[in-house]
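Reader: I am in my first year and would like a close look at one part of this structure. Please take a single pair of packed helices and explain how the two are arranged.

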Amino acid sequence: MLVAFLGTHVPLLTLFAFFIAANSLSFESTVKILIIALIATLVGTALTLLALDTLLAPVVQTSLALRNYLNQSALPKLPTHFTDEVGTLMADTVHTIRNLDDAIQYIVHYDNLTGLPNQLLFQKQLQQAIAQAERDNRSLAVMVLRLNNFENVRNALGSSVGELLLRNVVQRLSDAMPKHSVLAFLGSDVFGVMQPEITASHNVPGLAQDLLDTIAKPFSLNGSEVSTSASIGIAISSFDGVTDEQLLQNANTALKQAERQGHHYQFYSLEMNTLLQERLALENELGYALIRNELTVHYQPRFDTRTQRIVAVEALLRWQNPVRGLVSPATFIPIAEANGLILEMGEWVLKTACQQSQIWRSAGLPPIRMAVNLSARQFEQPDLVERIAQILAQTGVEASCLELEVTEGLMMKNVTHSIASLQQLHDLGISIALDDFGTGYSSLNYLSRFPIDTLKIDQSFMRNIVTNPDDVVITKAIIALATSLQLNITAEGVETKEQFEFVEAHGCDEVQGYYFSRPVTADVLTQLLESNYFPESHLSAAVQTRNLIPD
């Protein structure tokens, strides 16, 4: 602006000054002419600046709009109805910035793979919904849903199939969503669900179960049938939190509880957070248990129903914590399974049990089978057979003296893999026992294909075997099934004389339970093996007073 002013007015004023100097005018005339020229120049300058300001106003307005968008993310409000060059500039600027903003907002707030709102947008929507729920004096539900075996599917079938599975899950969940509900993708294999229109928690389980049921149906992906499942944690506003962060955190806590306990869905409770902190502390201490020699193996004998003599023992892992005392296996085994410590612990139990078996044999005690449980993670190891064969070779134990116990659920996860692995173990001469039979979901069609030697009736049927007709029918059916398949049949959890007499009368080959002996240390069991005789009811008083360790 200054350059334009000087460029036009300096030459004009110079010419005007030359005119004054070249003519002999009186002083008064010269002053008048200068004043008139100065006024005319100022008026011309003002008119010129006004014209320039008018002409440049659209450009300035466009520039300010761009600056506001950059600094405050405010969309420009420029006129778009003009058709000249400046009007076209403003219209194009508005159109471009709005398209750019839409793209930026999508990238920031939506997941590219699933097309669902991401966690950032989900939390914003949750904040708004919480405020509205407070105004309406009602509650809302927040759910966090995780696929249970997504990593296994992706590792086995590839990332492209994993992505395809996610998109199919999204489609099913979207179809199952009630009106006004919000579905979001929180990352990896985790989804968020918000149900804003509830008056209490009683109508939430129905939605949770619907979501679980729709995911449980098999997916057809690239010609392959893939099955998956999910777990859900649920938090209710005003009960479990008043902010979006509290509700999401508590829903995640409930999710971990659901996954840990095997529930399909779980509501948050105040006690749950305390339990989670306790679990984390246990997990940390458990990591040092092997190093600090806090783990021991106890042995529960198994008796022949005809002779009531010991024919086998089951090796059971125990943890004697220096502060907590004896920690229940029901507490620490699931933790070890979840964090992978069960692999190291399971191998240690197997080696320790085999070493003890060899000690008894070297001492001239009668040969007995050593039963050891296989965990799910152990069973999934590709080199499981080689590891077990190596332990047998290192300890000098004959394969025929080892019995491996597996559960129904473990075998049915992957039937083809289970049959192949168990057959390889069986070919080595190792006995295979199917543990906790009757509580899982084994198909009788598959049962005959598994190389099983022993069927163990779960202890839950023993508790009311004398009084519950249903348990009687089931137990008789299991015994008949095992007999027809020419399997050895063992009853677990026999605690009373009546229970023993029932299973004895109906053809059980072996029994295991407190009626004869609790799990005991190797030293105590050595004493029992040396005598290898028991009265009809309980252990002798001398044996009872020893340090018998309960389950």
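Author: What follows describes one helix pair and then the protein around the pair. This is a predicted model, in which local features need pLDDT (the predictor's confidence in each residue, from 0 to 100) of at least 70 and side-chain atom pairs count only at pLDDT 80 or more, while totals for chains, interfaces and linings use all residues. Residues are numbered from 1 along each chain as its sequence is written, and side-chain values use heavy atoms, with hydrogens and water left out.

Two packed helices are described by the angle between their axes and the distance between the axes. The pair here is helix 5, residues 150-157, and helix 6, residues 159-176. Helices are DSSP runs of H or I with at least four residues, and strands are runs of E with at least two, numbered from the N terminus. The two axes come within 6 Å and cross at roughly 140°. An axis is a line fitted to C-alpha atoms, for helices over the stretch in contact, and angles run from 0 to 180 degrees between N-to-C directions. Helix 5 is therefore oblique to helix 6; angles under 35 degrees count as roughly parallel, over 145 as roughly antiparallel, 65 to 115 as roughly perpendicular and the rest as oblique.

From helix 5, Phe150, Val153, Arg154 and Leu157 meet Ser159, Val161, Gly162, Leu165 and Leu166 of helix 6. Contact means heavy atoms within 4.5 Å. By class, this contact has six nonpolar, two polar and one charged residues. Ala, Val, Leu, Ile, Met, Phe, Trp, Tyr, Cys and Pro count as nonpolar, Asp, Glu, Lys and Arg as charged, and the others, Gly among them, as polar.

The protein has 20 helices and 16 strands. Its average pLDDT is 82, and 80% of the residues score at least 70.
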